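Here is my note on the model you sent. Please read it with the structure open and check each point as you go.

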Amino acid sequence: SSINRLMNMGIEPFLVATSVHMIVAQRLVRRVCGSCKEPTEAPLGALMNAGFSEKDAKGIRLFKGRGCDRCSNTGYKGRVGLHELLVGSDKIKKQIQEHARVAELLATGLNEGMVTLKMDGIQKVLQGITDIKQIRAVCIK
């Protein structure tokens, strides 16, 4: 949607297309405390809401912070960034000049290997860095 915002500000599509090399989006989420991290069962509905199939969701091992002195009994200590990067490929630039919709640009980006904020968040959940609650708060509407 950053591309559409630039054009809505009056910048000509050909200028946007030639100027944009990449667009980065970032959100910060809380990091599970490493001192009190422990495995937990995630509600099946929450995992399916995040995009997992029922079959995949049953085999997932997640973590949460129990709460300790190091994290002031919150279960979280620090933050970690979730990132999304859209590279201004030739195909993306052509679509910009043709006034493509956001959904079309997203589809092209995904076909070209783009990782969305939600996808990056899910990877960090599976690595035990953050939890599904944090991802739902910033990425899943």
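1. Start with the residue classes. Ala, Val, Leu, Ile, Met, Phe, Trp, Tyr, Cys and Pro count as nonpolar. Asp, Glu, Lys and Arg count as charged, and the others, Gly among them, count as polar. By these classes, the lining of the largest pocket has ten nonpolar, four polar and three charged residues. Keep in mind throughout that this is a predicted model.

2. Now place that pocket. Its volume is about 470 Å³. The elements that give two or more residues to its lining are α1, β1 (22-32), β4 and α6. The lining has 17 residues in total. Of these, S1, S2, A25, E84 and M114 lie nearest the centre of the pocket.

3. Turn to helix α6, residues 102-111. Which of its residues are buried? They are L105, T108 and G109. Seen down the helix axis, the buried residues fall within an arc of 100 degrees, so they line one face of α6. A general rule helps here. An α-helix has 3.6 residues a turn, so residues three or four places apart point the same way.

4. Look at both sides of α6. The buried residues pack against α1 (2-8), β4 (76-87) and α5 (90-97). The face turned away from the buried side carries the exposed residues A103 and N111. After the helix comes G113, with a positive phi near 100 degrees.

5. Pick out T108 in helix α6. Its relative accessible area is 5%. Buried means under 20%, so T108 counts as buried. Which residues does T108 touch, not counting those up to four places away in sequence? They are K91, I92 and Q95.

6. Helix α5 can be read in the same manner. Its buried residues are I92, Q95 and I96. They cover an arc of only 105 degrees around the axis, which puts them on the same side of α5. What covers them includes α1, α2 (13-19), β4 and α6. The face turned away from the buried side carries D90, K91 and K94, which are exposed. Just after α5, H99 takes a positive phi of about 60 degrees.

7. I92 deserves its own check. It lies in helix α5. Is I92 buried or exposed? It is buried, with a relative accessible area of 1%. Leaving out residues up to four places away in sequence, I92 touches L86, V87, L105, T108, G109 and E112. Three of these names, L105, T108 and G109, are the buried residues of α6. I92 and L6 are 86 residues apart in sequence, and their C-alpha atoms are 15 Å apart in space.

8. Next is helix α7 (117-126). Its buried residues are L117, D120, G121, I122, K124 and V125. What covers them includes β1, β3 (62-65), β4 and α8. Just after α7, G128 takes a positive phi of about 80 degrees.

9. Where is T130 found? It sits in the loop between α7 and α8 (132-138). T130 is buried, with a relative accessible area of 1%. A polar atom of its side chain lies 2.7 Å from the backbone oxygen of R30. Apart from neighbours within four places in sequence, T130 is in contact with V29, R30, V32, G121, K124, V125 and I135. Among these contacts, G121, K124 and V125 are buried residues of α7.

10. Finish with L28, in strand β1. At 49% relative accessibility, L28 counts as partly exposed. The exposed class needs over 50%, so L28 falls short of that cut-off. Leaving aside neighbours within four places in sequence, L28 is in contact with R79, V80, G81 and V138. L28 and Q134 are 106 residues apart in sequence, yet 9.2 Å apart in space, C-alpha to C-alpha.

11. To review, go back to the two helices α5 and α6. The buried residues of α6 pack against α5, among other elements. The cover of the buried residues of α5 includes α6. Find T108 and I92 on screen, and you can see one contact between these helices.

Terms used: Residues are numbered from 1 along each chain as its sequence is written. This is a predicted model: local features need pLDDT of at least 70, side-chain atom pairs count only at pLDDT 80 or more; totals for chains, interfaces and linings use all residues. Side-chain values use heavy atoms; hydrogens and water are left out. Buried means under 20% relative accessible area, exposed over 50%, partly exposed in between (1.4 Å probe, protein chains only). Helices (H or I, at least four residues) and strands (E, at least two) are DSSP runs, numbered from the N terminus. The arc is that of the directions from the helix axis to the C-beta atoms. Contact means heavy atoms within 4.5 Å. On a 1 Å grid over the protein atoms alone, a cavity is a set of points where a 1.4 Å probe fits but cannot get out, and a pocket is an open set with protein on both sides within 12 Å along at least five of seven lines; lining residues have an atom within 4 Å of a point. Grid points are joined across faces, edges and corners, and a volume is the space filled by probe spheres set on the points. A polar contact is a pair of N or O atoms within 3.5 Å; within protein, one must be able to donate a hydrogen and the other to accept it, and residues adjacent in sequence count only if both atoms are side-chain atoms.
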